[in-house]
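Visitor: I'd like a close look at just one part of this protein. Could you pick a charged pair and walk me through it, then set it beside a few others?

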Amino acid sequence: MLSSSSSISANGNTKKTIDDFRGTFVKLISKAVTSEGSSATQTAEGARSSSKNNLVVSKTFDTSSFTVCARVRPMLPHERDSGDFVACVAGKSVQENVENITVCTPKLNFRGQPKIETKLFGFDHVFGADSTNEELAEVALKPLLHRALNGQVGVIFAYGQTGSGKTHSMNGMMDHILQSDLFNDSTSISFSYIEILGTYINDCLGPNDSRHSSDEAVAIGETMDGRAVVRNISSHVVQSSEELSTLVERAKSLRSTAATEKNATSSRSHGIGIITCTYRRSKLTLLMKDVFDAGCTRLCSTVVLATCSPLASDVSHSANTLKYSSPLRGGGILNDGGKKVKMQVDASDPVLWSNMQVIEWMRKTYPSIVNPSIFVEKLSGVQLCALPEKEYYSRLENTGMSCADVDSNKLAKDIYLAIWTLMSDAKTRKRRKDGSIITIEDEEKERLRIVKATIIRSSDDIPIAPEQKSHEEG
């Protein structure tokens, strides 16, 4: 229930609460979500949205290293029987590459009359109450698996209040991984699983006696060069999806759970599953910090999944979840006023290049390559960035050179390093509060301005000798 029962006010009149206007709020929310562009098939009574028929992978997903999704779980039978109602609804896309969630907060005005406050939150992808884990995996997880198999770091994590569907969604993602093409002849797969409960870290797949030994305890820290490391964590090599499934189920069974108001067996810790694909030519260690470290030279792809309860009684928690997750979208940043502004497209970021832009860059940068299109083929920028280093060498062998004395191995290495340098520069590019890029020329102008201002201030602060001052006055 949303609030306590009606009470008697000081003047003897019955004071109404939100619960007393349930029917009115249901109608107000149904009208609001329809007018805001939300699915008309999902009413405030808890009907499921038609997101299943509207799932489209946005064009920005393949060019974004940070994708933010949101999912609204369905209303459960016991919640409907309790008199609660839906106030958080998945909406349709109202602009390109943006899907919305509408949050309607039920309130009473100063006269005691019902009203709602409506707010929209934009995401890259929104999954409604009728969405399945299979649909979520197809849109959010499948691209990450593809990138991980190309030597990149792929991470998906869920964020939301207790009982909003985090564990259900993430277990579904793990089930999809078990059925994927993760296992092949060119990779060796290892699996680790830890849980974090406050300051306590537990290896769910480690030896039982290590949990009580300080020498064997799992520790997370940073090296001198800023890399994050996890020590004393067990790693298990698996040869098949069946072996991985056995480890996953074992890890799930050992996670800490406890009864809450929302769930009789609620997960009380942060569970982290780490699947490592080791390549024969692997050079970088898979570290969780790489996902958020702007200085990491490895292409990292992250999907944030914000999970929400649809209930009016949880509307403050849902609004808070969406408030902090929505601004993470790659399409914008927050300025001082809290408004989202459009990020200027970085034309120097190879991840965003089209096939023609990649070919043109290679033609200008490496004129010794006679026909860059043979090297590039149909690859886009993000696909080129995803290629392992050895692929650069094999592609260049089939590409003609203008000079016979060109060292193709050195040239392949140069191209590979140049691409990674461009990506690293793009990730650390400075921006203004309005989202525009601060160029090297802009920084030089600002430096000269500061130098000039400093010289002027310094000259103003130089004291004038008494005889000099008299002379000047005379």
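**A salt bridge between two helices**

Guide: Let's start with glutamate 389 and lysine 413, whose side chains meet in a salt bridge, with 3.1 Å from N to O. The pair ties together distant parts of the chain: glutamate 389 belongs to helix α10 (residues 389-397) and lysine 413 to helix α11 (residues 408-427), 24 residues apart. Keep in mind that this is a predicted model.

Now look at how covered each partner is. Glutamate 389 has a relative accessibility of 5%, so it counts as buried, the cut-off being under 20%. Lysine 413 comes in at 29% relative accessibility, and therefore counts as partly exposed. So the bridge joins a buried acid to a partly exposed base.

For a second view, go to lysine 107 and glutamate 117. They form a salt bridge too, and their closest N and O atoms are 3.1 Å apart. Here the link runs between strands: lysine 107 sits in strand β5 (residues 98-108) and glutamate 117 in strand β6 (residues 114-123), ten residues apart. Lysine 107 counts as partly exposed, with 31% relative accessibility. Glutamate 117 is partly exposed as well, at 38%.

The next pair stays inside one helix. Glutamate 138 and lysine 142 meet through their side chains in a salt bridge of 3.4 Å, N to O. Why are these two about one helical turn apart? Because they lie four residues apart in helix α3 (residues 133-148). As for cover, glutamate 138 has 40% relative accessibility and counts as partly exposed, and lysine 142, at 43%, is also partly exposed.

Not every bridge is a simple twosome, either: Asp175, Glu249 and Lys252 are linked in a network of salt bridges. Across the model, the count comes to 13 salt bridges.

To put all that in its setting, step back to the whole chain. There are 474 residues, and 40% of them count as buried; glutamate 389 is one that counts as buried. The secondary structure comes to 13 helices and 19 strands. Of the contacts between residues with a separation of 6 or more, 67% are between residues 24 or more positions apart. Glutamate 389 and lysine 413, being 24 residues apart, are a pair with that kind of spacing. And on the outside, the accessible surface comes to about 26000 Å², with 53% of it belonging to carbon and sulfur atoms.

Technical notes:
Residues numbered from 1 in each chain as written. Predicted model: local features only at pLDDT ≥ 70, side-chain atom pairs only at ≥ 80, totals over all residues. Heavy atoms only, no water. Buried < 20%, exposed > 50% of the residue type's maximum accessible area, 1.4 Å probe, protein only. Contact = heavy atoms within 4.5 Å. Areas by Shrake-Rupley, 256 points an atom, 1.4 Å probe, with all protein chains shown as cover. Salt bridge = Lys/Arg side-chain N within 4 Å of Asp/Glu carboxyl O.
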